[in-house]
Amino acid sequence: MKDYYTSKTILITGGAQGIGKGIAQAFARAGAQVIITDIDQEAGQEAQEWLQNQELQVEFIACDVSEEEQVVALMEQVGQKYSQLDALINNAGIANPDVGPLQDLSISSFDKVIAVNLRGPLLCTKYALPLLQKATHPAILNISSTRAFMSEPNTFPYSASKGGLEALTHSLAVSLTKPRIRVNAIAPGWIEVGPWEKESKRYEPNHREQDKEQHPVGRVGLPEDIAEAALFLCSDKAGFITGQSLTIDGGMTVKMIYS
Ligand SMILES: NC(=O)c1ccc[n+]([C@@H]2O[C@H](COP(=O)([O-])OP(=O)(O)OC[C@H]3O[C@@H](n4cnc5c(N)ncnc54)[C@H](O)[C@@H]3O)[C@@H](O)[C@H]2O)c1
């Protein structure tokens, strides 16, 4: 992928930690100029420094993706400095799904998750369009979740937001055709992000045997697993793929469970 991504510019939301940080490292290693945006300034500065120390081309710009004015300002800043975007990766999300029983759910907490996980990708896509339209093979990648298709109890806002993001993906794919922008999703399963968090939140994973064994591949996922697929889906090697969602979950969602 090195040749393809050299001199390409990629914007990754929520790129300061976790899966987004893993994706940022992979694209920068492949030769891209990477812009990471995140609401967490401390994490963003840390990630920028960590990646720049690896001689990678990365810039952090702070932004809350659920706030329209901030997204407008972000894209203006990106446009002034980089003039075009080859890919937008909508990864930022409130990633803790369990909100407790429905009777106790505050509607404002539901709205907050929808605003970040669903409105965020829509806003970023809308205001990135003029920059994406300047690229030769522009691509959008939405990071959804297997929770879009199945649920644990009490995960209403998260599951609904990711279900919406899956639908937004195919809706955008059939709409953004003049000029042509491919739009796909990745639906990750359990991805261990402990070592990829900012220093004050970082932890070493300690998976039980049953955590690993419940995955047909025998382990929990890594940000690198998502990053590899992201590199492919945003490149011209995936030029005939649009409106699709790729589940990356070590096989958990195809496993039939009888008790
Ligand atoms: N880790 C998993 O097991 C898993 C599984 C399925 C899907 N996902 C999805 O992958 C994405 C990344 O998750 P993660 O596990 O790396 O989580 P994470 O919490 O490690 O990273 C998410 C990043 O998004 C940022 N963010 C949150 N709200 C934001 C906002 N309003 N504006 C800008 N940035 C914001 C956070 O500050 C953080 O840096 C999320 O969309 C999540 O739903 C994660």
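In which segment is lysine 255 found? In this predicted model, lysine 255 lies in the segment after β7. Lysine 255 has 11 other C-beta atoms within 10 Å, and it is therefore exposed, the limit for that class being 12 or fewer. Histidine 207 is separated from lysine 255 by 48 residues in sequence, and the C-alpha to C-alpha distance between the two is 20 Å.

The packing of helix α2 (residues 18-29) was examined against helix α8 (residues 223-233). The axes of α2 and α8 are 8 Å apart and meet at an angle of about 50°. The two helices are therefore oblique to each other, and the crossing of α2 past α8 is right-handed. On the α2 side, the residues in contact are Gly18, Ile19, Lys21, Gly22, Ile23, Ala26 and Phe27; their partners in α8 are Pro223, Glu224, Ile226, Ala227, Ala230 and Leu231. Sorted by class, this contact comprises nine nonpolar, two polar and two charged residues.

Helix α8 also contributes buried positions, namely Pro223, Asp225, Ile226, Ala227, Ala230, Leu231 and Leu233. The buried residues of α8 pack against α2 and against four strands: β4 (87-90), β5 (139-143), β6 (182-188) and β7 (245-248).

Helix α2 is also represented around the ligand. The shell around the ligand receives three residues from α2, which gives the most to it. In total, 28 residues surround the ligand, and the closest are Gly14, Gln17, Gly18, Ala92 and Gly93. Gly18 is listed both among these closest residues and in the contact of α2 with α8. By class, the shell divides into 15 nonpolar, nine polar and four charged residues.

A second helix pair is formed by α4 (residues 68-82) and α5 (residues 107-132). Their axes lie 9 Å apart, at an angle of about 25°. Angles under 35 degrees count as roughly parallel, and α4 and α5 are therefore assigned to that class. The crossing of α4 and α5 is right-handed. Helix α4 enters the contact through Glu68, Val71, Val72, Met75, Val78 and Gly79, whereas α5 supplies Leu123, Cys124, Tyr127, Ala128 and Leu131. The contact of α4 with α5 consists of nine nonpolar residues, one polar residue and one charged residue.

Terms used:
Residues numbered from 1 in each chain as written. Predicted model: local features only at pLDDT ≥ 70, side-chain atom pairs only at ≥ 80, totals over all residues. Axes fitted to C-alpha atoms, helices over the stretch in contact; angles between N-to-C directions. Parallel < 35°, antiparallel > 145°, perpendicular 65-115°, else oblique. Left-handed = near helix turned anticlockwise from the far one by under 90°. Contact = placed C-beta atoms within 7 Å. Nonpolar A, V, L, I, M, F, W, Y, C, P; charged D, E, K, R; others polar. Buried ≥ 20, exposed ≤ 12 C-beta atoms within 10 Å, placed from the backbone. Near = placed C-beta within 6 Å.
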